[in-house]
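Visitor: Could you take me through this model, beginning with the overall fold and then turning to the surface?
Guide: Certainly; please have the structure in view.
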Amino acid sequence: MYTSKAQFLEALRSELLKRNITDSEILEDFEQHFNIGLSEGLTEAQVCEKLGAPAEIANQYAPDGYTEDVSNATNQTANNSTQTQQTGFAENNYNYNNANTNTSAPQNNTNDNMDIAKIIGVVCLDVLVLIWAIPTLFSLLISYWAVMISFFVTPVVMIIGIIFGSQFVGSAIIVSMLTPAAGIFAALILFGIALIMSAFCIDIWKAFGKLMQAIGRLHYEVFTGKKATF
């Protein structure tokens, strides 16, 4: 009695080799049986029991003219009930050959319909949203950058104007509006705002870059049908 997938598959591989069967797809099929059984809430031991004896399974794939020895024949008699369980289990749940043969065309049609729907969805997204959203976001980023630079430059101009007075261009306006102490205080506030904005500037541009990368990945996968690697 096998209690794990590894034990069962190893025994099945051994039985297949005894019969000079080296087709790896058989093991892959039964490994898939386990995956489906586990997804339905069965334990590995229960799946082993339902699939039956590895020797009996190997006999089904044995070439014409193959005969078992006496011990195998004895095992066959002892495992008749298990074979019946295996047959019902495989027919009801894991008959992939028949399932693939009967449903290959509908699956292809479904996949084609899904691909067409994805393409239409992406085109609608481009026309209705991205065609104006991306330029708008880019413009806001440029404006953010320009405001940040102005907040760096303006305090410098204000300080120079307060120090040099009328000898500096635009200082007459600054001096007439603010006292030197108030002007320095305002310059420090603007400079602090500029520092705060600069702290977020790189992160904002990175976020915009990731957004563009995600959009590019979406378009690549939808229009090519391939997994994007960027």
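Guide: What follows is a short exchange on the fold, the surface patches and one lysine.

Visitor: What should I know about the model beforehand?
Guide: This is a predicted model, in which local features need pLDDT of at least 70, side-chain atom pairs count only at pLDDT 80 or more, and totals for chains, interfaces and linings use all residues. Residues are numbered from 1 along each chain as its sequence is written, and side-chain values use heavy atoms, with hydrogens and water left out.

Visitor: How many helices and strands does the chain have?
Guide: The chain has nine helices and zero strands. Helices (H or I, at least four residues) and strands (E, at least two) are DSSP runs, numbered from the N terminus.

Visitor: What share of the residues is buried?
Guide: Of the 230 residues, 23% count as buried. Buried means under 20% relative accessible area, exposed over 50%, and partly exposed in between (1.4 Å probe, protein chains only).

Visitor: And how much area does the chain expose?
Guide: About 15000 Å² is exposed, with carbon and sulfur atoms supplying 63% of it. Accessible areas come from the Shrake-Rupley method with a 1.4 Å probe; for residues, only the protein chains shown count as cover.

Visitor: Which residues make the nonpolar surface patch?
Guide: Ile119, Val123, Leu125, Val127, Leu128, Val129, Ile131, Trp132, Leu218 and Phe223 make a nonpolar patch of about 900 Å². Helix 7 (96-164) and helix 9 (180-224) each give two or more residues to this patch, and helix 7 gives the most, with eight residues. Patches are made of residues with over 30% relative accessible area and no salt bridge: like charges are joined within 9 Å, nonpolar side chains (Val, Leu, Ile, Met, Phe, Trp, Tyr) within 5 Å. A salt bridge is a side-chain nitrogen of Lys or Arg within 4 Å of a carboxyl oxygen of Asp or Glu.

Visitor: Why does Ile131 count as exposed?
Guide: Ile131 counts as exposed because its relative accessibility is 60%.

Visitor: Changing topic, which residues form the negative patch?
Guide: Asp23, Glu25, Glu28, Asp29 and Glu31 form a negative surface patch. Asp and Glu count as negative and Lys and Arg as positive; His and the chain ends are not counted. The place of a charge is taken as NZ of Lys, CZ of Arg, CG of Asp or CD of Glu.

Visitor: Where is Glu31?
Guide: Glu31 lies in helix 2 (residues 24-39).

Visitor: What about Lys5?
Guide: Lys5 is buried yet has no salt bridge, and the nearest side chain of opposite charge, Glu31, is 4.0 Å away.
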